Amino acid sequence: MAEAHQAVGFQFTVHPDGLDIKLSQEVIKNIYLSGVTAWRKRAIQFKNGVLTGVYPASPSSWLIVVIAIMSTLYVRIDPSLGMIDSITENLPQRDSMSVQTRTVLSAILFATGLWLFLIYLLKYTLKALLSYHGWIFESHGKMNPSTKVWLSLVKMFSGRRPLLYSFQASLPRLPVPSVDDTILRYLESVRPLLDNEQYNQMEILANNFKDSIAPRLQRYLLLKSWWTANYVSDWWEEYIYLRGRSPIMVNSNFYVMDLLYMSPTHRQAARAGNVVHAMLQYRRKLERGEHEPLRALGIVPMCSNQMERMFNTTRLPGVETDIVQHLTDRKHLVVYHKGRFFQVWLYTGGRHLKPSELEMQFQRILNDTTEPQPGELKLAALTAGNRIPWARARMRYFGHGVNRASLDAVESAAFFLTLDDEAQGYDPERTASLDSYAKSLLHGKCYDRWFDKSFNLISYTNGKMGVNTEHSWADAPIIGHMWEYVLATDCFHLGYTEEGHCKGDSNKQGLPYPTRLQWQIPKECQEITENSYRFAKNIADDVDFHGCLFTEFGKGLIKKSRTSPDAFIQLALQLAQFRDQGVFRLTYESSMTRMFRDGRTETVRSCTSEAVAFVRAMDEQGATTAQRLSLFRQAADKHQNMYRLAMTGSGIDRHLFCLYIMSKYLGVDSPFLKKVLSEPWKLSTSQTPQQQLNLVDINKFPNYVGAGVGFGPVADDGYGVSYIIIGENLITFHISCKFSCPETDSFRFGQNIRKAMLDIQALFMPETNKKEQQGKQTVLANGKKEE
């Protein structure tokens, strides 16, 4: 441990004549450098906090306002309308100051107040501008003059060089939709899934709810929306994630894959060293708020609050509910390898360990041949099983002694690293390589991931990496933002030697060896661990996964059809689902609401009446291509409109969810809300954003693309589908279901998706060929040579 290492450098001996003190210069130097770094960090955080607080103004603008006010005093103009004189009359200790001093001080105070007023005026003006979302509903490529003016105003009031949290105070609150609109959209969403009798019953339930307790619930919900930053997010985190008592492995946690086609090095320790160092660089910028905020269209800012808990965060189990513990400035990492837990310090002498130093530390762990202590091998399985046994075991067996100290080390670590003992990754020569890679990231061996950590970094023997993420603290785009930064930094800034090692020399003498965490696990606790492991393994073994690389075309060809790529894929999923199951299913698509303060997600119910009509026409013998194409465009337009409504706070499901929670608080019963909240999502889908940072030109470096994100099936008899649109010519699908359900098969569904994509694109082929021919004729008509 670091404190033990430093204690060795401070020794003293007692003599009859006094104390003989010996100090290690190296340790004193490290202590000094650590202190300097800590104070420098505080100074930077304070400076950036000031910059964020006054944004979109700048601290220098205060001086400009003061000078402007002071200059008016010399021409005997009072811009304060008497306020400066009033301040002068009420100054404390005014009799001890000269007239000129009182006047100057009063002018400065007035200028400061005016400056603060102007800052708040700018913030609220920007907030009013950002409350307008009409631009989202305009057709792609077409922009009204009023929208152009609005964008110019947003850009003007947004200032220059914003920090990560600069726009937080200017983001609008998530609006509460009207009950009438929500119920109308809900009934519209379930119409294609119900027969006439079922729909009439649902309509009666909805109208009874609307006419009885809905107005009362809505009033309380409006009050909550005025009082809190976001009326959904806190309840969503608590009731959807933290109060769940079932395992979070597979059911909640999701994974992020490494680069799809290549590995920068095949040395496990070296790759882990570079990636961990890049993560530390990202964390330093995150703690200082120095990352650029994400902005739609490059102008409209999105909420960054979820990023705050990325590091130093752990989900702590409880009997009734879990809590999310977020700490600051943790200086160590916990590494798992072959059943042993090691603590690795990430700083030395006030600086991050270099990649080569981290590689050396990880190689030391890989070379360690000691055996796990009794009960240590499968200890992390406690985080993979049900939450209540884990919560009770934690209170009983990990509340004192070495177990308490070791558990604190794990839960307070920056993140958790597993040095795996197998090779994974995509291999085009192995059919199921992507499937095996996904299952390893999603659940591993059920005891080699600490599923409660904000994220687990997983390193494989062939140099491949991946991430397993706990879901309660943030959504996939947040961890994806960090992962894009890490991969770009690893490959294009840090790099490797010709032998595949990290660049730079390591401080071999000054670094203490990684510390083995000590455990004293009694037999009773080992039995609980084994039970959790068996329960988790049954879940893991039931996951049927298929990774599908769709290379026939990508968003480039889809856009030529004047269609949204997301709408195209969602309709392909509906067609594949119907062909696979023979019926239509309630479909979940995740949409972000981060244009609002503390926004997370909303649901897009993709199985619409328009989508059903299109799907039926695709397999109808008498339907013509023109009819199918017309129905496709209607369904795509409907999907786009629903997605836009969800993004702008007019979705269905979060509003109904909050009304249900409010009904529970008030102790009133609603058969309608119970019915809505109990409906299973048989098809759960999500698109992973790509190129959030644009650090890599994938046209120039086509092999440096990530494989995307995946998650487990939501329903026992349904599918989970995540997809990522990579560049112009590749779409990756991550498909999951359960072996225990005889009606589902991930590989079969992947084949259905591929066929559905090709069948839909075939509708556009005559239209696309016609446009291309017209383009060629236009070129020839202009007298230019046809290439």
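This is a walk through the structure above, from its overall form to some of its individual residues.

The model is predicted, so a few ground rules help: local features need pLDDT of at least 70, side-chain atom pairs count only at pLDDT 80 or more, and totals for chains, interfaces and linings use all residues. Residues are numbered from 1 along each chain as its sequence is written, and side-chain values use heavy atoms, with hydrogens and water left out.

Let us start with the whole protein. Its C-alpha trace spans about 105 × 85 × 75 Å along the principal axes. For 787 residues, a compact globule would have a radius of gyration near 28 Å, and the protein agrees with this at 30 Å. That radius is taken over C-alpha atoms, and the globule rule is 2.2 Å times the number of residues to the power 0.38. The protein holds 24 helices and 22 strands; these are DSSP runs numbered from the N terminus, with helices (H or I) of at least four residues and strands (E) of at least two.

How much of the protein is buried? Buried residues make up 54% of the 787, where buried means under 20% relative accessible area, exposed means over 50%, and partly exposed lies in between (1.4 Å probe, protein chains only). The accessible surface comes to about 35,900 Å², and 55% of it belongs to carbon and sulfur atoms. Such areas come from the Shrake-Rupley method with a 1.4 Å probe, and for residues only the protein chains shown count as cover. Contacts, meaning heavy atoms within 4.5 Å, often reach far along the chain: among those between residues at least 6 apart in sequence, 78% join residues at least 24 apart.

Now step inside. A nonpolar core is a set of buried Ala, Val, Leu, Ile, Met, Phe, Trp, Tyr and Cys residues joined through side-chain atoms within 4.5 Å. The largest one here has 51 residues, and Met249, Met257, Phe341, Phe398, Val410, Trp450 and Trp519 have the most contacts inside it. Elements that each supply at least two residues of this core include strand E3 (254-257), helix H13 (387-397), helix H14 (401-411) and strand E21 (719-726). Trp450 is a good residue to click on: leaving aside neighbours within four places in sequence, Trp450 is in contact with Phe341, Ala380, Thr383, Trp390, Leu407, Val410, Phe416 and Asn456. A second, separate core of 50 residues includes Leu353, Met360, Phe415 and Ile479. Of these, Met360 sits in helix H12 (residues 355-367) and is buried, with a relative accessible area of 14%. The C-alpha atoms of Met360 and Leu511 are separated by 9.5 Å, although their positions lie 151 residues apart along the chain.

Charged residues come next. The whole structure has 36 salt bridges, each a side-chain nitrogen of Lys or Arg within 4 Å of a carboxyl oxygen of Asp or Glu. In one of them, the closest N and O atoms of Asp258 and Arg271 are 2.8 Å apart. Asp258 lies in the loop between E3 and helix H11 (268-288), while Arg271 is in helix H11, 13 residues apart. Asp258 is buried at 0% relative accessible area, and Arg271 is buried at 0% too. Another bridge joins Arg394 to Glu411, with the closest N and O atoms 2.8 Å apart. Arg394 is in helix H13 and Glu411 in helix H14, so the pair ties together parts 17 residues apart in sequence. Glu411 is buried, with a relative accessible area of 3%. Elsewhere, salt bridges that share partners join Arg245, Arg315, Asp322, Arg387, Asp452 and Glu470 into one network.

Two residues deserve a look for their backbone. Most residues other than glycine have a negative phi. Val250, however, has a positive phi of about 75°; Val250 is in the loop between helix H10 (233-242) and E3 and is buried at 3% relative accessibility. Arg562 also has a positive phi, near 55°. Arg562 is in the loop between helix H18 (555-560) and helix H19 (565-581), and is exposed, with a relative accessible area of 55%.

Finally, visit the surface. Leu116, Tyr120 and Tyr124 form a nonpolar patch with about 350 Å² of accessible area together. Patches are made of residues with over 30% relative accessible area and no salt bridge, with like charges joined within 9 Å and nonpolar side chains (Val, Leu, Ile, Met, Phe, Trp, Tyr) within 5 Å. Leu116 belongs to helix H5 (residues 99-130) and is partly exposed, with a relative accessible area of 38%.
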